[in-house]
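Subject: Structure handover

Hello,

Please find the structure below, with the sequence. My notes on what turned up in it follow.

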Amino acid sequence: MDKEVAAREVLAAVGGAQNVLTNTVCMTRLRVTLANPKEVDFEELNNAQGVLGTSLRGNNGLEIVFGPRMIEDIYKAFIALTGKEAGSDALFPMSRRGTNMHVQINTERASQPSQPSADQTTFINDADMSRLEDLFGKKDATSETDSSETSGGSDWRLLVINGPNINMLGMGSDDGHGDFSTLLELCKQTAKDVGFARCDCFQSNHEGDLIDKIQDAFLLYEGIVINPGVYGTSAALRDALRSVSIPAMEVHLRAQRELDEVGAACIDTKSGLGIDGYRKAIIAVAQHLNRQ
């Protein structure tokens with residue numbers, strides 16, 4: 001991937017250099033403050049090369065999520081294009097108080113996928129792939145290969161919803177669950193591998209936002225994966241899931257002793273598996289849809 005091209009695409013999507021007030025960087029994210037957030041073309045931004053997701057912070061803050069192996073080069077290219085060195089965080093408070101992160105990722109990319117390097121994670125293991133081949137059908141080796149069967153020809157759309165504090169993964173003590181950007185990448189790759197044409201991710205620390213997102217999913221998505229966090233006991237979330245009648249899987253990073261309210265409205269719950277629970281949940285949703 002050309003890092004300079006990626007930086008140019010991002011800059012164009014956020015409204016150009018004149019709309020960028022400050023920029024900073026962390027391990028996986030380019031952080032910018034904007035003069036006018038309404039100028040951001042989120043569809044264009046989410047489809048830019050290398051972008052895994054976008055996150056809103058406050059009134060003017062925006063985070064663009066990249067992988068850790070590319071963020072430094074993209075940041076340098078972004079500085080060269082904007083002419084702005086790393087700015088003060090005064091306009092971009094990063095404290096845990098008063099923040100509300102919304103992340104949406106789009107799995108469609110115009111560029112050809114690159115070959116995975118030796119240190120990249122394989123999200124679908126051999127046992128899971130064997131089950132998927134049995135489920136979706138494996139073409140005979142002597143027959144002509146249809147590219148639509150190997151590149152996610154389905155029009156299924158998946159919504160991944162995360163509740164409070166999931167966006168803080170990897171930013172505190174190391175609890176063995178990985179970080180948020182890894183979680184996003186896992187969801188993106190797994191959804192693509194099992195045939196979803198689109199995977200959108202949303203995160204909020206507020207219960208009402210989660211309810212609104214579930215309701216907005218009606219007739220737009222074929223499947224939902226939800227980690228409600230501490231809102232797992234919410235009867236309102238349970239009722240929202242039941243009202244839209246979209247097959248849903250619940251995920252909890254840590255083991256749950258008993259079924260909660262959200263789980264009661266879902267096909268099943270994957271708990272105690274860390275972020276790998278998302279992979280298993282996405283596969284389970286695909287299996288369920290295929291049986292319908």
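Setting aside neighbours within four places in sequence, Y278 touches V160, N162, I166, L183, L186, C187, V225, N227, V251 and L253. Please keep in mind that this is a predicted model.

Y278 also belongs to the largest nonpolar core, which has 30 residues. Those with the most contacts inside that core are Y278 together with L158, V160, C187, F196, V225 and I282. At least two residues of the core come from each of β6, α6, β7, β9 and α10. Helix α10 gives the largest share, eight residues. There is a second, separate core of 21 residues, and L30, V32, F66 and I79 are among them.

The sheet next. Five strands make up an open sheet with parallel pairing, in the order β7-β6-β8-β9-β10. Its edges are β7 and β10 (268-271), each of which pairs on one side only. On average, neighbouring strands here are turned by 20° against each other, with direction ignored.

Which residues of strand β7 stand opposite residues of β6? R157 faces R198 in β7, and L158 stands opposite C199 in β7. Strand β6 covers residues 157-162 and strand β7 residues 198-203, and six bridges hold this parallel pair. With strand β8 (residues 223-227), β6 runs parallel as well, over five bridges; there L159 stands opposite I224. Five of the six residues of β6 are buried, so the strand is largely enclosed by the rest of the structure.

Two helices are worth noting against this sheet. Helix α6 (residues 180-193) packs on the sheet and touches β6 and β7, with its direction at about 155° to that of β7. Helix α10 (residues 276-291) lies across β6, β8, β9 (248-252) and β10, and runs at about 155° to β8.

Does the length of α6 come out short, long or as expected for its 14 residues? At 1.5 Å a residue the helix should span 20 Å, and its end C-alpha atoms are 20 Å apart, so the two agree. The buried residues of α6 are F180, S181, L183, L184, L186, C187, K188, T190 and A191. Of these, L183, L186 and C187 appear in the contact list of Y278 above. Just after the helix, G195 takes a positive phi of about 105°.

Finally, some totals for the protein chain. The secondary structure amounts to 10 helices and 10 strands. Of its 292 residues, 46% count as buried. Among contacts with a separation of 6 or more, 72% are between residues 24 or more positions apart. The accessible surface is about 14600 Å², and 47% of that belongs to carbon and sulfur atoms.

Regards

Note on methods: Residues are numbered from 1 along each chain as its sequence is written. This is a predicted model: local features need pLDDT of at least 70, side-chain atom pairs count only at pLDDT 80 or more; totals for chains, interfaces and linings use all residues. Side-chain values use heavy atoms; hydrogens and water are left out. Buried means under 20% relative accessible area, exposed over 50%, partly exposed in between (1.4 Å probe, protein chains only). Helices (H or I, at least four residues) and strands (E, at least two) are DSSP runs, numbered from the N terminus. Two strands pair if DSSP finds at least two bridges between them. Contact means heavy atoms within 4.5 Å. Accessible areas come from the Shrake-Rupley method with a 1.4 Å probe; for residues, only the protein chains shown count as cover. Axes are lines fitted to C-alpha atoms, for helices over the stretch in contact, and angles run from 0 to 180 degrees between N-to-C directions. A nonpolar core is a set of buried Ala, Val, Leu, Ile, Met, Phe, Trp, Tyr and Cys residues joined through side-chain atoms within 4.5 Å. The expected span of a helix is 1.5 Å times one less than its number of residues.
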